[in-house]
Amino acid sequence: MAVLTEKAKINPDLKPDRLAVGLGGLASILIIFVLGFLWLRDGQATQVVKAFVAIVWGVSGVAGLYFFANMSAESLPERWMKRVQPFVFVGPAMALLGWYLAIPTLRTFFASLYNQQGEFGLSNYVAVFTERIMVEAWTNNILWMIVGTTLTVSLGLLIAILADRSRFENIAKSLIFMPMAISMVGAGVIWKFVYDRNPDIGLLNAVVQSAGGEPQAWLSLVQPWNNLFLIVVMVWLQTGYAMVLISAAIKGVPDDLLEAARVDGATEVQIFFRIIIPSIAGTLVTVITTVIIFTLKIFDVVMVMTGGQFGTEVIGVRFYREMFTSRNDGYASAIAIVLLLAVVPVMIYNLRQFSKRETF
Amino acid sequence: MASVTFRNIVKRYGDLTVVDNLNIEVADKEFLVLVGPSGCGKSTSLRMLAGLEEISDGEILIGDQVVNNVAPKDRNIAMVFQSYALYPHMTVYDNMAFGLKLRKTPKEVIDRKVKDAAKNLGIEHLLQRRPRQLSGGQRQRVAVGRAIVRDPKVFLMDEPLSNLDAKLRVEARSFISRLHQQLETTFIYVTHDQVEAMTMGTRIAVLNAGRLQQIDTPYNLYHNPHNVFVAGFIGSPAMNFFDARLKSDGESVVVDTGVFQIQIPAHEAAPYRSHVGKEVILGVRPENIHDRRFQPADIEPAPVTANIEVVEQMGSEIVLYLEEGGKTFIARTDPRTHARVGARIDLAIDVANIHIFDRQTELSLAYETKLEAIARRNNN
C-alpha cells in the first residue's frame, strides 16, 4: 500500500490511459469468466481437462480481477484513489458475505412476515411468543442456557485447575476432552442407551436397580427433570472444550504472580479468586459466551433423544418441525429471526472482548 | 527486623543436589548478597527462605523461630521478584495494598502506609495506573513499594535489577542501598552480577555449584579470596591465573611460571614455605600489573615483559591484552602508557598483591596470614 500511495503522490492527476486499460482489462476478464463458465458447462472435453482449465481459469481470473480493478483505482486522482482502493480489496469479500449471509437473512425476515395463509403482518411473531409449545421451548432454552453453561464452565474450570496440579494432568485432560470428538447425534444415541428404561440396556437404571431402586423412564416420564438429563449430554460434550481453553489460560498466568501472592499472605483459595480468576477473565468470558450461543442453538441432542416430546421442546427443534414437517415457512422464519436476535448481543459482546484483548 | 540462619541446608531434586550443606548466619539489619554464576543455588536458597521451595534437609531460622514448616504468608517476609510479578489486573495502589488487605488491616492504615511508601519512592503520581502503563524502572519501584508497606522482618530480593537497562541499574543500586539504610531491616539480595554484590552488600556470600565458597565483606573477598573460584569470580576484568611451581631461594621463595619468575621476599614467604617444590596456581589481578614507567612508588615490583595483542582505551586507564611464552593475560595500566599492538612492553607485578593457590585443593595458601593482616590494619 505504501508503495502505491507514493506513486500516486508523484502524479496526483487522473491518468485516462491507465484508467482505460484498467477498465478494458476488467471488462475482458468478465467476458472470459462468462465464456469460461459456458464452456465448462456445455463444452466437450474430458473431466481432467475441464478440471485443469477450471483451476487456471478461476485462479487467474480472480487475480486478473484484482489486478485490473487496482489499476483502475490507481489511475484515479489521489483523493479518489484513497477512497476507492480499499474497496477493491475488501469489496469482493463483502459482496460474498452479503450474498451468502445478508441477503438470506433479509429474505428470512420478509418470509417471517407472512403467515401460512399468506397474510402480511406480525402474527408469526405473536405466535412465537404465545403458543404453548413455544413458551415451553423458550423456558427450556433458558434452562439450557443457565444450567448448561454454568455446569459446563464451572466443571471445565474445576477440572482445569485440579489437572494443573496433578501428576496425571495429560491423561485426565485427554479423557475429559475425548467426547469432543463425538458428534452430537452420536452422543445423543450413546446417552439414549444410558437412559434406557430396560436395566439390561440402560446403564443408569442398572445402577439404580443394583442400589435397590426402581428403574425409571428417565427421558419421558421423569418430568421436568428429563431436561436436565439432556443437558448432561451437552455438558459431557462441551466440558472438554471449556477445560482446554481455561487450562491454557491458567498456564499462561506467570508462576511469579502466584508466588508473589503467597508471600504477600494469600491462601490458595484467595489466590484462586483474586489472582487466577481475574487473570483469565478474558478467556472465561469467551468460553461462557461461546457456550451460551451453543445452548441457544441446541438441536441435535434433543432431536435424537426425545424429538422435543415429553416437555423437552427447544427452539431449534421447533424451527425444524415448522420448516420441514409443517411446511410453515413464515413461522419457521420468525423463529429463526428471534433466535438470531437473541444470539447477536452475545456475539457482539464476544467480538468486543476479542478486540479488547488484542490491545491488552 | 530479624536475623536469618541457614543451618546445614540441603536442596535436592531427585538425585540432583542443588544446594549442598549451606550454613549462613545473617545478622539483624545486615545487607547480605548471595552471588554466584547461574545454577549455583542462590535463588533456590532464597526461595527456600521465602517458603516457595521445600527444604530437603537442615533448618532455616528467622529470628529464633525455625520456619521449615511455616507457610510463606506467616513468615513475615517480603520479596521483590526479578520479573517484579506485579498483579496486572490491579492498579499500583491495589498492588501495594494487596498484602495489607489480606491481613485485614484497617482501611485508613492501608491508605496511609501505601501513600507514605509511594511518596518515599517517588511514585505517588502513578498510584491509579496499571502495571502495563509503567516503565521498567517504575515497575521496579512499585515492586519494592509493595514489599515495604508490609513492614516485613526480612526483605528478599531476587535479581531485582536484571531487567533494567545499564543506566537505570546504576541508579537503582544506590536507591536500594539508601532504602536499606533508611529502613534498617535485614536484606537478602540475590544476584549473578559481582558488581552489584560488591557495591551493595555489607557482606557477600559467594556460591558455586550449590556450595558456599566464602562469606565475607566486599573488601575481604576482593583482597583475600579463599579459593580460585572466588578469586576469579570477584573483580572485572577477572584475575589472571598462571600455573606455577614454588622454589626456594635462600630465605625467600620464588614463583616460577615458566614464563617469568616472581621473588617473594623473606618477610612474606612464611605461608608459602611448606609448598616449596609443589605445583601451585599464581593469581594476579589486572590492576596489579603496571607499566614499569608509571609503576607506583610503594609497590614491590617484579619485572615481566610481554607482547601487546589488544589495546582497549578506557580513558581513565588502558586495558592491555598481553601474551608471553604462549600465556595470555590482562593488565590495567596507567592512562599515560604508550601502548602499540605488536610492540613489547616492560611491566611490573606488585608482589604484595599476588595470590597463590594450591593446585590440588585450589585454596589460597596465605588466607590465614592475610586475614590477620587485614584485622591488624582494621584495628589501627
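1. Let's start with helix α3 of chain A, residues 47–75, in this predicted model. The helix has 29 residues, and its first and last C-alpha atoms lie 41 Å apart, close to the 42 Å expected at 1.5 Å a residue. (The expected span is 1.5 Å times one less than the number of residues; helices are DSSP runs of H or I with at least four residues, strands are runs of E with at least two, and both are numbered from the N terminus.) The buried residues of α3(A) are A:F68, A:A69, A:S72, A:A73, A:E74 and A:S75. Here, buried means that 20 or more other C-beta atoms lie within 10 Å of the residue's own, exposed means 12 or fewer, and partly exposed falls in between, with C-beta atoms placed from the backbone.

2. A word on conventions before going on. Residues are numbered from 1 along each chain as its sequence is written, while chains are lettered from A and ligands numbered from 1 in the order in which they are written. Because the model is predicted, local features need pLDDT of at least 70 and side-chain atom pairs count only at pLDDT 80 or more, whereas totals for chains, interfaces and linings use all residues.

3. Chain A as a whole has 16 helices and 0 strands. Its radius of gyration is 28 Å, where a compact globule of 360 residues would be near 21 Å (taken over C-alpha atoms; the globule rule is 2.2 Å times the number of residues to the power 0.38). Along the principal axes, the C-alpha atoms of chain A fill a box of roughly 90 × 70 × 50 Å. Of its 360 residues, 28% are buried.

4. The domain assignment splits chain A into domain 1 (2–95) and domain 2 (125–359); such bounds come from an automatic or database domain assignment. Taken over C-alpha atoms, the centres of domain 1 and domain 2 of chain A are 47 Å apart.

5. Two other helices of chain A deserve a look. In α15 (residues 315–325), the buried residues include A:I315, A:V317, A:F319 and A:E322. Just after α15(A), A:R327 takes a positive phi of about 55°. Helix α9 of chain A (residues 203–210) holds A:V207, which counts as exposed because it has 12 C-beta neighbours inside 10 Å. The C-alpha atoms of A:V207 and A:F299 are separated by 29 Å, with the two residues 92 apart along the chain.

6. Chain B brings in strands: its secondary structure comes to 9 helices and 20 strands. The C-alpha trace of chain B spans about 75 × 45 × 45 Å along its principal axes, and 41% of its 380 residues are buried. Among the contacts in chain B with a separation of 6 or more, 65% join residues 24 or more positions apart (a contact means C-beta atoms, placed from the backbone, within 7 Å).

7. Chain B is also divided in two, into domain 1 (4–231) and domain 2 (239–379). The centres of these domains of chain B, over C-alpha atoms, are 37 Å apart. Where they meet, 8 residues of domain 1 are in contact with 12 residues of domain 2. On the domain 1 side, α7 (218–223) and α8 (228–233) of chain B each supply at least two residues. By class, that side has 3 nonpolar, 5 polar and no charged residues. (Ala, Val, Leu, Ile, Met, Phe, Trp, Tyr, Cys and Pro count as nonpolar, Asp, Glu, Lys and Arg as charged, and the others, Gly among them, as polar.)

8. At the far end of the chain B numbering, helix α9 covers residues 367–379. Its end C-alpha atoms are 18 Å apart, which agrees with the 18 Å that 13 residues should span at 1.5 Å a residue. The helix α9(B) is hardly covered, with 0 buried residues among its 13.

9. Now the contact between the chains, which takes 17 residues from chain B and 14 residues from chain A. On the chain B side, β6 (77–80) and α2 (92–102) are the elements that give two or more residues. That side of chain B has 12 nonpolar, 3 polar and 2 charged residues.

10. Finally, the largest nonpolar core has 159 residues, and B:L156 and B:I188 touch the most other members. A core of this kind is a set of buried Ala, Val, Leu, Ile, Met, Phe, Trp, Tyr and Cys residues joined through C-beta atoms within 7 Å. Helix α10 of chain A (residues 226–251) gives the most to this core, with 11 residues. A second, separate core of 6 residues includes A:F68 and A:A73, both of which are among the buried residues of α3(A).

Terms used: Contact = placed C-beta atoms within 7 Å.
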